[in-house]
Amino acid sequence: MTALISGGSGGIGFEIAKQLANFGYDLILVSRNKEKLNTAKNEILKAVNNKINIDILALDLSDEESCFKLFEAVKDKNIEILINNAGFGAFGAFDKTDIKTDINMIDLNVKSICILTKLFLKYFKEKDSGYIMNVASAAAFAPGPMLANYYATKAYVLRLTCAIYEELRRDKSKVKVCALCPGPVRTGFNARAGVKFDIQAMEADTVAKYALKKMFKGALTIVPGFYMKLSTFMSKIAPLKLCLRIVYNFQKKKID
Ligand SMILES: NC(=O)c1ccc[n+]([C@@H]2O[C@H](COP(=O)([O-])OP(=O)(O)OC[C@H]3O[C@@H](n4cnc5c(N)ncnc54)[C@H](OP(=O)(O)O)[C@@H]3O)[C@@H](O)[C@H]2O)c1
């Protein structure tokens, strides 16, 4: 059995890959930087005494063609799990963030999720088994002033995943989809987004462990940590304008 992890060379994706290696899954790790992928591969192989196989593919998934190419390259490898994890954010007021970065974020966080989820959903449905974990964020539950585009992309990931979940349930399908919605996690995310978190971040290995446990139990949305569970609940019941002010103040602290 094989698991495919996008963004598997670092952060949350790497920790999920490590956990799955411990469970005995062969891995396919995808990200842009081949050197980082090789380092990740060697570290995981060492941790499991070379008991599994790991393939690496250096692809920029914000490029639509790379997503189709990825599917063609791996479809004969008995994939059982797809972790759609690669993604990034960019901090700043919407009129100040770079337009090319924002478009690239939509290409990666939205377009690649749409393409890979669709291709693998058909593939998994044909054999009536398989798991898709789409990595959204706690950001998916509210609009996000100062990270507006990022929050909006993650809302797409969450809504898409929830809708597919219900379609699968109606079909009585054995295929499972879930959305992982973490709050701040200590990874390379902040450096790329250009921010420093002001509240304590969770460790990526804790998030990975919890996420996989929930995924195998068939959960729909996975929110690690009590504090984030509480804040996502509050964002559902708070009036929109209050929610906007709270999120703005929270985000603004990251650069103060
Ligand atoms: N960290 C947080 O606080 C947090 C909270 C909620 C949700 N998330 C979500 O969790 C996911 C993983 O983020 P992370 O925190 O683990 O960040 P990270 O440490 O920056 O890791 C991102 C991974 O994605 C890969 N990647 C980035 N751009 C890519 C592209 N265009 N094509 C293919 N691979 C690409 C990176 O490798 P290369 O750079 O070599 O390509 C790396 O392996 C993201 O979807 C993020 O939005 C993160």
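A salt bridge is a side-chain nitrogen of Lys or Arg within 4 Å of a carboxyl oxygen of Asp or Glu. Keep that cut-off at hand for the exercises below, which explore a predicted model.

**Exercise 1. Aspartate 55 and its partner**

Find the residue that forms a salt bridge with aspartate 55, and say where the two partners sit.

Solution.
- Step 1: The partner is lysine 77, and the closest N and O atoms of the pair are 2.7 Å apart.
- Step 2: Aspartate 55 belongs to strand S3, while lysine 77 is in the loop between helix H3 (64–74) and strand S4 (79–84). With their positions 22 residues apart, the pair links distant parts of the chain.
- Step 3: Now look at exposure. Aspartate 55 is partly exposed, at 34% relative accessible area, and lysine 77 is also partly exposed, at 37%.

**Exercise 2. A strand tied to a helix**

Work out which elements are joined by the salt bridge between glutamate 80 and lysine 127.

Solution.
- Step 1: Check the distance: the closest N and O atoms of glutamate 80 and lysine 127 are 3.5 Å apart.
- Step 2: Glutamate 80 lies in strand S4 and lysine 127 in helix H4, so the salt bridge ties together parts that are 47 residues apart in sequence.
- Step 3: Glutamate 80 is buried, with a relative accessible area of 12%, whereas lysine 127 is partly exposed at 31%.

**Exercise 3. A pair within one helix**

Decide how glutamate 15 and lysine 18 are placed in helix H1, and whether glutamate 15 is buried or exposed.

Solution.
- Step 1: Both residues lie in helix H1, 3 residues apart, which is about one turn of the helix.
- Step 2: Their side chains meet in a salt bridge, at 3.8 Å from N to O.
- Step 3: Buried means under 20% relative accessible area. Glutamate 15 has 14% and therefore counts as buried, while lysine 18, at 25%, is partly exposed.
- Step 4: Widen the view: Glu15, Lys18 and Glu43 are linked in a network of salt bridges. A search of the whole structure finds 12 salt bridges.

**Exercise 4. Around the ligand**

Describe the surroundings of the ligand: how many residues surround it, and which are the closest?

Solution.
- Step 1: The ligand is surrounded by 31 residues, and the closest are Ser9, Arg32, Asn85, Tyr150 and Thr187.
- Step 2: Sort the shell by type: 13 residues are nonpolar, 13 are polar and 5 are charged.
- Step 3: Turn to single contacts. Serine 9 has a polar side-chain atom 2.8 Å from an oxygen atom of the ligand. For asparagine 33, a polar backbone atom is 3.2 Å from a ligand oxygen. For asparagine 85, a backbone N or O atom lies 2.8 Å from an oxygen atom of the ligand.
- Step 4: Consider the cover. Alone, the ligand exposes 890 Å², and the protein buries 94% of that.
- Step 5: Helix H1 (11–22), helix H5 (148–170) and helix H6 (189–193) are the elements that give two or more residues to this shell.

**Exercise 5. Loops and backbone angles**

Locate asparagine 49 and lysine 172, and find what is notable about phi in each.

Solution.
- Step 1: Start from the general rule: most residues other than glycine have a negative phi.
- Step 2: Asparagine 49 has a positive phi near 50°. Its place is the loop between helix H2 (34–47) and strand S3 (54–58).
- Step 3: Lysine 172 also has a positive phi, of about 55°, although it is not a glycine. This lysine is in the loop between H5 and strand S6 (176–180).
- Step 4: Exposed means over 50% relative accessible area. Asparagine 49, at 56%, therefore counts as exposed, and lysine 172, at 72%, counts as exposed too.

**Exercise 6. A buried loop residue and a surface patch**

Where is glycine 130, and which residues make the nonpolar surface patch that includes Met234?

Solution.
- Step 1: Glycine 130 is in the loop between helix H4 (99–127) and strand S5 (131–135). At 3% relative accessible area, glycine 130 is buried.
- Step 2: The C-alpha atom of glycine 130 is 6.4 Å from that of lysine 176, although the two are 46 residues apart along the chain.
- Step 3: The patch is made by Phe226, Leu230, Phe233, Met234 and Ile237, and covers about 550 Å².
- Step 4: Methionine 234 lies in helix H8 (residues 226–237) and is partly exposed, at 42%.

How values were computed. Residues numbered from 1 in each chain as written. Predicted model: local features only at pLDDT ≥ 70, side-chain atom pairs only at ≥ 80, totals over all residues. Heavy atoms only, no water. Patch = residues over 30% accessible without salt bridge, like charges linked within 9 Å, V, L, I, M, F, W, Y side chains within 5 Å. Areas by Shrake-Rupley, 256 points an atom, 1.4 Å probe, with all protein chains shown as cover. Helix = DSSP H or I, 4+ residues; strand = E, 2+ residues; numbered from the N terminus. Buried < 20%, exposed > 50% of the residue type's maximum accessible area, 1.4 Å probe, protein only. Near = heavy atom within 4 Å. Polar contact = N/O pair within 3.5 Å; in protein donor to acceptor, adjacent residues only side chain to side chain. Nonpolar A, V, L, I, M, F, W, Y, C, P; charged D, E, K, R; others polar.
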